[in-house]
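Colleague: Could you put the model up and take me through it? I'd like to hear how you justify each label you use.

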Amino acid sequence: MSGSQVGALAIILIGLILTVVCVVMPTWSKNDPSDTTRDSVRSTNGLWIKCTTYATGNWDCDDYDRLFLGLPTRLQAGRMLGIGSILSGVVGFFLLTFGLDCMPIGGDGSQKKTLRLIAGSLAIFSAAFLLVATSWYANDIRVQHQLGTQERLLNTGLNTNRFIFGEALFIGWAGAVMTLVGGLIALCSGCSSSDSDDFDNQPRGYVYHPPPAKAPNVNVQEYV
C-alpha cells in the first residue's frame with residue numbers, strides 16, 4: 001500500500017499548489033471582449049486585487065480598500081473558503097506525510113492509519129471549500145452576465161460591462177478535483193487492512209520447539 005500512499009501524497013501536493021495559485025491569482029473574472037469598445041484594455045478581478053492591462057504593456061492594479069467588511073458577498077465567501085481550503089490542505093499534507101508506512105516517525109501501524117484517515121478527510125474538506133468558493137463566484141458572474149444581456153436587449157444604447165469566467169476559476173476546479181482524488185486515496189489507504197498486516201499484529205503466544213533428532217539406525221552384529 002506504500003505506492004498508493006505516496007501517490008495520494010503527490011496528488012494532494014499538486015492540488016494544494018493549484019489551490020494556492022487559484023486563490024492569489026487576480027483573474028477570477030475578466031471583462032467580456034464583446035463589450036470592450038477598445039480592444040487594448042483588459043480588466044480582471046480577483047479575490048484580493050483588480051487589475052487593468054493596456055496594449056502598451058502597462059498595467060494598473062488596486063485592492064478593494066477593505067479586508068472583509070463592506071465587500072460583496074462573493075468576495076467575502078471566496079476569501080474565507082479560499083483560506084480555509086489552503087489551511088486544510090497544508091495540515092492534511094503534513095499529516096499524510098507522517099502517516100506513510102515508509103516514514104520512520106508517526107507511530108505504529110494503527111496510528112499511521114489514523115493519520116491517513118484524518119489527512120484524507122482534511123483533503124476532502126479542502127477540495128469542498130475551494131469548489132464551493134469557485135462555484136459561488138462563477139454562478140454570480142453568470143447571473144450578472146445574464147442581467148447585463150437583458151439590459152442590452154431592452155436598451156440598445158446602454159453600454160454595460162459584463163464579465164466572464166477567468167483562468168483562476170478553471171485552475172481552482174482542477175485543484176479541487178486533484179485534492180479530492182488524493183483525499184479519497186488517502187482514506188482508502190487508511191481504511192484498508194491487508195492479511196499480512198493482520199498477521200503481523202497478532203500476538204505471539206507460542207515458542208517454536210524443533211523436533212528431536214533421530215538416532216541413526218545402525219545394525220550392530222555381535223561376534224562370539
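**Labels and the values behind them**

Modeller: Let's begin with Ser29, which lies in strand S1. Helices and strands here are DSSP runs numbered from the N terminus, H or I with at least four residues for a helix, E with at least two for a strand. One caveat: this is a predicted model, where local features need pLDDT of at least 70 and side-chain atom pairs count only at pLDDT 80 or more, while totals for chains, interfaces and linings use all residues. Side-chain values use heavy atoms, with hydrogens and water left out, and residues are numbered from 1 along each chain as its sequence is written.

Colleague: What does the chain consist of, in helices and strands?

Modeller: Five helices and five strands. Read from the N terminus, the order is α-β-β-β-β-α-α-β-α-α.

Colleague: Back to the serine. Why does Ser29 count as buried?

Modeller: Buried means under 20% relative accessible area, exposed means over 50%, and partly exposed is in between, with a 1.4 Å probe and protein chains only. Ser29 comes out at 1%, so it counts as buried. Setting aside neighbours within four places in sequence, Ser29 is in contact (heavy atoms within 4.5 Å) with Ser43, Thr44, Asn45, Tyr137, Ile141, Phe163, Ile164 and Gly166. Tyr137 is 108 residues away in sequence, yet the two C-alpha atoms are 8.8 Å apart.

Colleague: And how do you know whether Gly183 is buried or exposed?

Modeller: Gly183, in helix H4, has a relative accessible area of 0%, so it is buried. Apart from neighbours within four places, its contacts are Ile12, Gly120, Ala123 and Ile124. The C-alpha atom of Gly183 is also 8.7 Å from that of Gly92, 91 residues apart along the chain.

Colleague: How much of the chain counts as buried?

Modeller: 32% of its 224 residues. As for contacts between residues at least 6 apart in sequence, 63% of them join residues at least 24 apart.

Colleague: Now the charges. What makes Arg162 and Asp32 a salt bridge?

Modeller: The rule asks for a side-chain nitrogen of Lys or Arg within 4 Å of a carboxyl oxygen of Asp or Glu. Their closest N and O atoms are 3.8 Å apart, so the pair passes. Arg162 sits in the loop between helix H3 (109–154) and strand S5 (163–165), Asp32 in the loop between strand S1 (29–31) and strand S2 (41–45), and 130 residues separate them. Both ends are buried: Arg162 at 12% and Asp32 at 11%.

Colleague: Why would such side chains pair at all?

Modeller: Side chains of opposite charge can pair when their charged atoms come close. By the rule above, the count here is five salt bridges.

Colleague: What links Arg42 with Glu167?

Modeller: Another salt bridge, with the closest N and O atoms 3.7 Å apart. Arg42 is in strand S2 and Glu167 in helix H4 (residues 167–191), 125 residues apart. At 34%, Arg42 counts as partly exposed, and so does Glu167 at 32%. Lys30 joins these two residues in a network of salt bridges.

Colleague: Which distance do you have for Asp140 and Arg74?

Modeller: 3.2 Å from N to O, which makes it a salt bridge. That pair runs from Asp140 in helix H3 to Arg74 in helix H2, 66 residues apart. Asp140, at 23%, counts as partly exposed.

Colleague: What makes Asp60, Asp62, Asp63 and Asp65 a negative surface patch?

Modeller: Patch members have over 30% relative accessible area and no salt bridge; like charges are joined within 9 Å, nonpolar side chains (Val, Leu, Ile, Met, Phe, Trp, Tyr) within 5 Å. Asp and Glu count as negative, Lys and Arg as positive, while His and the chain ends are not counted. The charge of an Asp is placed at CG. Asp65, for one, is exposed at 63%, so it clears the area cut-off. It belongs to the loop between strand S4 (59–63) and helix H2 (73–98).

Colleague: And which residues form the nonpolar patch?

Modeller: Leu13, Ile17 and Val21, with about 220 Å² of accessible area together. Such areas come from the Shrake-Rupley method with a 1.4 Å probe. Ile17, in helix H1 (residues 2–24), is partly exposed at 48%. The accessible surface of the chain is about 13800 Å², and 64% of that belongs to carbon and sulfur atoms.
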